[in-house]
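This report describes a structural model for a reader who has not met it before. It treats the helices and then the aromatic side chains.

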Amino acid sequence: MLQTIILSLLAGLAGLWIATEFIPGVDFTGDLKNFFIAGIALGIILAVIRPLLNLFSLIVKLVVLLALILLVVWVLDIFFPELNITGTMALVWTGLVVAAATIILSLFGRGKV
């Protein structure tokens with residue numbers, strides 16, 4: 001945890017320095033003390049936002065996974081006359097069950113369960 005915070009602080013400082021040195025239109029006119037304060041503030045904000053971004057990206061990944069699974073199940077329903085899925089809710093529930101099974105089995109494969 002402390003290592004993550006320190007790395008975020010250093011990333012804020014380094015990113016701000018690189019931007020001011022190499023990107024046209026980015027300047028910092030204050031003194032070195034204010035530069036460090038700005039860089040550390042950026043690092044603190046990054047440290048706070050990172051877990052929120054991880055949660056958001058997890059939600060996006062799950063939604064994309066579900067959408068792809070729904071598409072695949074729908075295509076299977078079209079190409080295999082033996083499979084009959086009647087209605088949108090049946091398709092959604094089938095997709096949710098397949099997605100849950102996929103997630104649970106992938107956790108077993110990674111040794112996290």
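## Helices and aromatic rings

Helix α1, covering residues 2-22, packs against α2 at an angle of about 130°, and their axes are 7 Å apart. Because an angle of this kind falls in neither the parallel, the antiparallel nor the perpendicular class, α1 is oblique to α2. The crossing in which α1 passes α2 is right-handed. The model is predicted, and every value in this report is computed from it. In general, two packed helices are described by the angle between their axes and the distance between the axes.

Helix α2 spans residues 32-79, which gives it 48 residues. From its first C-alpha to its last it reaches 67 Å, close to the 70 Å expected at 1.5 Å a residue. A kink of about 30° lies in α2 at Ile 49, shortly before the proline Pro 51.

Which residues of α2 are buried? They are Phe 35, Gly 39, Gly 43, Ile 69, Leu 70 and Val 73. An α-helix has 3.6 residues a turn, so residues three or four places apart point the same way.

Two other residues of α2 may be set beside these. Lys 61 lies in helix α2 and is exposed, because its relative accessible area of 57% is over 50%. The C-alpha atoms of Lys 61 and Gly 30 are separated by 42 Å, and the two residues are 31 residues apart along the chain. Phe 79 also has its place in helix α2, and at 64% relative accessibility Phe 79 counts as exposed. Between the C-alpha atoms of Phe 79 and Ala 19, which are 60 residues apart along the chain, the separation is 54 Å.

The aromatic rings form a further topic. A pair of aromatic rings is described by the distance of the centres and the angle of the planes. With ring centres required to lie within 6.5 Å, the count comes to three aromatic pairs. Two of them are given in the table.

| Aromatic pair | Centre to centre | Angle between the planes | Arrangement |
|---|---|---|---|
| Trp 17 and Phe 22 | 6.1 Å | 90° | edge-to-face |
| Phe 28 and Phe 35 | 5.3 Å | 85° | edge-to-face |

In the pair of Trp 17 and Phe 22, Trp 17 counts as partly exposed at 43% relative accessibility, whereas Phe 22 is exposed, with a relative accessible area of 61%.

In the pair of Phe 28 and Phe 35, Phe 28 counts as partly exposed at 33% relative accessibility. Phe 35 is buried, because its relative accessible area of 10% is under 20%. Both residues also belong, with Phe 36, to one aromatic cluster. Phe 35 thus appears in this cluster and among the buried residues of α2.

How values were computed:
Residues numbered from 1 in each chain as written. Predicted model: local features only at pLDDT ≥ 70, side-chain atom pairs only at ≥ 80, totals over all residues. Heavy atoms only, no water. Phe/Tyr/Trp six-rings, centres within 6.5 Å; stacked < 30°, edge-to-face > 60°. Buried < 20%, exposed > 50% of the residue type's maximum accessible area, 1.4 Å probe, protein only. Helix = DSSP H or I, 4+ residues; strand = E, 2+ residues; numbered from the N terminus. Expected span 1.5 Å × (residues − 1). Bend = angle between axes of the 7 residues up to and from the residue. Axes fitted to C-alpha atoms, helices over the stretch in contact; angles between N-to-C directions. Parallel < 35°, antiparallel > 145°, perpendicular 65-115°, else oblique. Left-handed = near helix turned anticlockwise from the far one by under 90°.
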